[in-house]
Amino acid sequence: MAARTASSGRAATGRSAASKAAPSRAVKSVAIPQLPWHQVRPAPIVLVSGTEVFLAERAVRQLRDFLKLEDPSLEISDIQADSYAPGELLTMASPSLFGEPRLIRVSSVEKCSDTFLTEALAYLENPAEDTYVVLRHGGGVRGKKLLDTIRSGAGGAVEVVCAELKKDSDRHDFASAEFKAAGKRVTPSALRSLVAAFSGDLAELSAACQQLIADSASEVTETTVDRYYGGRVEANAFKVADSAIAGRHGEALVILRHALSSGADPVPVVAAFAMKIRTMAKLYGVRGGSGQLASQFGLAPWQVERAQRDLSGWSDEGLARCMVMLAETDAAVKGAGRDPVFALERLVGVIARRGEG
């Protein structure tokens, strides 16, 4: 198969991507291409590593669809590494009567049995022809010997790294790619609102993107997002923060009280303030283009541009006072204070006055 005969140039490209995908691991210990989830490609062994379950599942599904499109006769089998039966891998990898290609998906490798570990290591020495074995490892030390052997180059493997998307800039890039792949235009403010509304669940963020892509005939705007998902707690939290930072004290209090009466938890409201104020503090007094500063501070260009606009009228003393107030309010809403609502309203007032008075 052409998919099995990747050129040395392609492998070199994969290794280049590897150095970016896994900076915490010494590059010299990894002799195989390490790819982001959306660049998954066929190989005799495909190690899908990392804690982001949604991206891992999508990568495996994308590989399956590619192989199925290449050859509809593809045989698909599944193995649970933690309840592995002796000889199971070898049996499934054995050539069939008609020679169909095989895809073997192995889950729970991070909890694998000793029997699986032994047989998987043996399989790496002589992988079956026209067989693709996908090993899903969700993190932890179990199975480390197998991972180290794979990463040393045994079995002609590639690794697909599915690390958790912790930064808003990462989730923003993910959502942007969803719309780009569908050929749908989306405004920066709409992306920001969408990421804010689904900051805690990547699967929900993806589903929301697909819903908007399917339902919107033209460009997706902030108004569109608000119509669909304006009731999300996180979105309300950022609306409160936006109004307060802009100095609209009364408006911020109205939105805050509406959010709280709708069941919003004070903790994510404080988190929204903290994220925005900390970004503003990072960029206070710093000069440069949004792209340059985004790279320097680990932000998305739109975050830099928004923070630069928000900083109008602020002083470094005012930002410092707000940072102190944020810490006090965070403690208050997490149990250290008697009245978390009062603490929140006081924070809104201080921020609306830009830390002055």
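**Close-ups of a predicted model**

**View 1. Helix 8 against helix 9.** Helix 8 (residues 202-215) packs on helix 9 (residues 222-229) at an angle of about 115 degrees, and their axes sit 11 Å apart. This is a predicted model, so keep that in mind for every view here. The two helices make a right-handed crossing. On the helix 8 side, look for A208, Q211, L212 and D215; their partners in helix 9 are T224, V225, Y228 and Y229. Sorted by class, this contact comes out as 5 nonpolar, 2 polar and 1 charged residues.

**View 2. The whole chain, for orientation.** Before going further in, here's the overall picture: the protein chain has 16 helices and 6 strands. Of its 357 residues, 46% are buried. Take the contacts with a separation of 6 or more: 74% of them are between residues 24 or more positions apart. The chain exposes about 17,300 Å², with carbon and sulfur atoms supplying 53% of that area.

**View 3. Helix 6 crossing helix 7.** Here the axes of helix 6 (residues 168-182) and helix 7 come within 10 Å and cross at roughly 120 degrees. That angle is why the pair counts as oblique. As in the first view, we also give the handedness: helix 6 passes helix 7 in a right-handed crossing. Helix 6 brings D168, R171, H172, A175, S176 and F179 to the contact, and helix 7 brings L191, L194 and V195. By class, the contact residues split into 5 nonpolar, 2 polar and 2 charged.

**View 4. S199, in a loop between two helices.** S199 belongs to the loop that links helix 7 (188-197) to helix 8. Is S199 buried, partly exposed or exposed? With a relative accessibility of 26%, S199 counts as partly exposed. For a landmark, find H172: the C-alpha atoms of S199 and H172 are 9.6 Å apart, although 27 residues separate the two along the chain. H172 is also one of the helix 6 residues that meet helix 7.

**View 5. E75 and its surroundings.** E75 is part of strand 3 (residues 75-80). Its relative accessibility is 32%, so E75 counts as partly exposed. Which residues does E75 touch, once those up to four places away in sequence are set aside? They are S96, E100, P101, R102 and L103. For L103, the C-alpha to C-alpha distance from E75 is 6.1 Å, with their positions 28 residues apart in sequence.

**View 6. S108, a serine with positive phi.** S108 isn't a glycine, yet its phi is positive, at about 60 degrees. As background, most residues other than glycine have a negative phi. You'll find S108 in the loop between strand 4 (102-107) and helix 4 (114-124). S108 counts as buried because its relative accessibility is 13%, and the cut-off for buried is under 20%.

**View 7. Helix 15 alongside helix 16.** What angle do helix 15 (residues 316-336) and helix 16 (residues 340-352) make? About 165 degrees, with their axes 9 Å apart. The two helices are therefore roughly antiparallel, since the cut-off for that label is over 145 degrees. The crossing of helix 15 and helix 16 is left-handed. Helix 15 contributes C322, M325, L326, E328, T329, A332 and V333, while helix 16 contributes P340, A343, L344, R346, L347, V350 and I351. Counted by class, that gives 11 nonpolar, 1 polar and 2 charged residues.

**View 8. I351, zoomed in.** Staying with helix 16, this view centers on I351. At 0% relative accessibility, I351 counts as buried. Ignoring neighbours within four places in sequence, I351 is in contact with A244, I245, F273, I277, W314 and C322. I245 comes from another part of the sequence: I351 and I245 are 106 residues apart along the chain, but their C-alpha atoms are 5.9 Å apart. C322 is one of the helix 15 residues in the contact with helix 16.

**View 9. R354, after helix 16.** The last stop is R354, in the segment that follows helix 16. R354 has a positive phi, near 60 degrees, and is not a glycine. With 22% relative accessibility, R354 counts as partly exposed.

Note on methods:
Residues are numbered from 1 along each chain as its sequence is written. This is a predicted model: local features need pLDDT of at least 70, side-chain atom pairs count only at pLDDT 80 or more; totals for chains, interfaces and linings use all residues. Side-chain values use heavy atoms; hydrogens and water are left out. Axes are lines fitted to C-alpha atoms, for helices over the stretch in contact, and angles run from 0 to 180 degrees between N-to-C directions. Helices (H or I, at least four residues) and strands (E, at least two) are DSSP runs, numbered from the N terminus. Angles under 35 degrees count as roughly parallel, over 145 as roughly antiparallel, 65 to 115 as roughly perpendicular and the rest as oblique. A crossing is left-handed if the near helix is turned anticlockwise from the far one by less than a right angle, and right-handed if clockwise. Contact means heavy atoms within 4.5 Å. Ala, Val, Leu, Ile, Met, Phe, Trp, Tyr, Cys and Pro count as nonpolar, Asp, Glu, Lys and Arg as charged, and the others, Gly among them, as polar. Buried means under 20% relative accessible area, exposed over 50%, partly exposed in between (1.4 Å probe, protein chains only). Accessible areas come from the Shrake-Rupley method with a 1.4 Å probe; for residues, only the protein chains shown count as cover.
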